[in-house]
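Visitor: I would like a close look at one part of this protein, with enough of the rest to place it. Please pick the part and go through it in order.

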Amino acid sequence: MDGDIRQYLLHRPPAPVADGEGDGPKPLLIAFHGRGADAAELRAKTRLERAATARGMLVAFPEGLGHGWGAGAQATKQRPDPALDVRFTEALIKHLVRTERADPDQVYVAGFSNGGSMALRMAAERPALLAGAASVSGQLPTGAAAVEPTGSVPVMVVYGADDPVRPLSGLPSPPPDPEEPILPTRSARDSAAAFAAAGGAGEPVTRAEKGYDRTVWRLGKDAPGGDRRPGGTVQLLVVDDAGHTWPGSTVPPPEGFGPVSTALDATDTILDFFTDPGPGR
């Protein structure tokens with residue numbers, strides 16, 4: 001792809017039974033790892049393939065170039081082509097539709113941290129390609145690297161209230177990084193609200209649930225693409241006592257990333273949202 005060999009791990013659901021039941025097109029989830037990590041690390045942390053098996057879902061864990069993703073629209077020395085990973089993701093989806101019978105009407109993206117921002121970029125710039133997107137600890141880039149949502153798509157943002165790496169309030173002035181610039185970001189709420197606005201949503205409703213707060217915007221039917229998922233929502237889940245981590249994970253986070261919440265299983269919550277992106281229950 002564009003001169004690079006791109007790799008991914010693929011989880012296939014169990015083979016269909018002998019009578020052919022379940023042999024039709026399968027939902028597909030593209031899951032982006034965080035910056036400095038890899039596909040295997042995200043697979044272990046999220047156990048997405050276990051939850052996906054019960055749903056007959058394919059899960060692809062692509063490897064980012066240089067262990068990261070071009071989640072922003074600004075060219076940098078390390079990533080001179082800021083649209084490279086968008087094109088790669090499009091190509092991967094087309095490949096899996098062709099080779100694995102992925103259902104083009106049930107394609108989803110999710111990710112953690114920089115990978116969460118990459119998932120949000122795909123949802124912002126290619127909403128017609130996706131049936132839903134989710135980000136854990138990832139926000140929309142802003143400033144010169146800004147990514148703006150362009151259509152209606154169900155989106156869930158899961159964020160730790162005590163994230164010490166990428167604060168809930170955003171990172172408008174990130175520290176310099178000699179290896180790869182860290183992009184400035186909107187707050188988690190502003191990231192979700194941008195998708196709500198692009199989807200013609202009205203005012204949000206926030207309620208406290210056990211261990212987290214859930215804010216829900218109902219997507220409108222008159223926004224571009226709004227008729228594809230009637231009743232869809234944008235949701236922000238702010239998790240109490242959680243850091244820059246994947247809620248519900250049993251894998252210990254790196255030092256300095258903060259605690260992992262057990263009040264919420266982000267994996268099941270995200271996949272349930274993809275199945276039914278309506279108002280949270």
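Guide: What follows sets out the whole chain briefly, then helix H5 and the loop after it, then some other sites.

This is a predicted model, in which local features need pLDDT of at least 70 and side-chain atom pairs count only at pLDDT 80 or more, while totals for chains, interfaces and linings use all residues. Residues are numbered from 1 along each chain as its sequence is written, and side-chain values use heavy atoms, with hydrogens and water left out.

The protein has six helices and nine strands. Helices (H or I, at least four residues) and strands (E, at least two) are DSSP runs numbered from the N terminus. The radius of gyration is 17 Å, close to the 19 Å that the globule rule gives for 281 residues, so the protein is as compact as a globular protein of that length. That radius is taken over C-alpha atoms, and the rule is 2.2 Å times the number of residues to the power 0.38. Along the principal axes, the C-alpha atoms fill a box of roughly 55 × 45 × 40 Å.

Of the 281 residues, 52% are buried. Buried means under 20% relative accessible area, exposed means over 50%, and partly exposed lies in between (1.4 Å probe, protein chains only). Among contacts (heavy atoms within 4.5 Å) between residues at least 6 apart in sequence, 68% join residues at least 24 apart.

Now to the chosen part. Helix H5 covers residues 188–198. Its buried residues are Ala188, Ser191, Ala192, Ala194, Phe195, Ala196 and Ala198. The cover over these residues includes helix H4 (114–125) and strands S6 (155–160), S8 (212–218) and S9 (233–239). Ala193 also belongs to H5, but at 27% relative accessibility this residue counts as partly exposed. Ala193 and Thr215 are 22 residues apart along the chain, and their C-alpha atoms are separated by 9.9 Å.

Just after H5 comes Gly200, with a positive phi of about 65°. Gly200 sits in the loop between H5 and strand S7 (205–209). Its relative accessible area is 44%, and Gly200 is therefore classed as partly exposed. From Gly200 to Lys221 the C-alpha distance is 7.4 Å, across 21 residues of sequence.

Positive phi values also occur outside glycine. In the segment before strand S1 (8–11), Asp2 has a phi of about 50° although it is not a glycine. Asp2 is partly exposed, at a relative accessible area of 46%. His67 has a positive phi near 60° and lies in the loop between S3 and H3. At 41% relative accessible area, His67 is partly exposed.

Arg79 is found in the loop between strand S3 (58–62) and helix H3 (84–100). Arg79 is buried, with a relative accessible area of 14%. A polar atom of its side chain lies 2.6 Å from the backbone oxygen of Leu65. A polar contact is a pair of N or O atoms within 3.5 Å; within protein, one must be able to donate a hydrogen and the other to accept it, and residues adjacent in sequence count only if both atoms are side-chain atoms. Not counting residues up to four places away in sequence, Arg79 touches Leu65, Gly66, Gly68, Trp69, Gly70, Gln74, Asp85 and Glu180.

Helix H3 itself contains His95, which is partly exposed at 28% relative accessible area. With residues up to four places away in sequence left out, His95 touches Tyr8 and Glu100.

Helix H6 (residues 266–275) is mostly covered, with seven of its ten residues buried. These are Ala266, Thr267, Thr269, Ile270, Leu271, Phe273 and Phe274. At the N-terminal end of H6, Asp265 acts as a cap: a side-chain oxygen of Asp265 lies 3.0 Å from the backbone nitrogen of Thr267.
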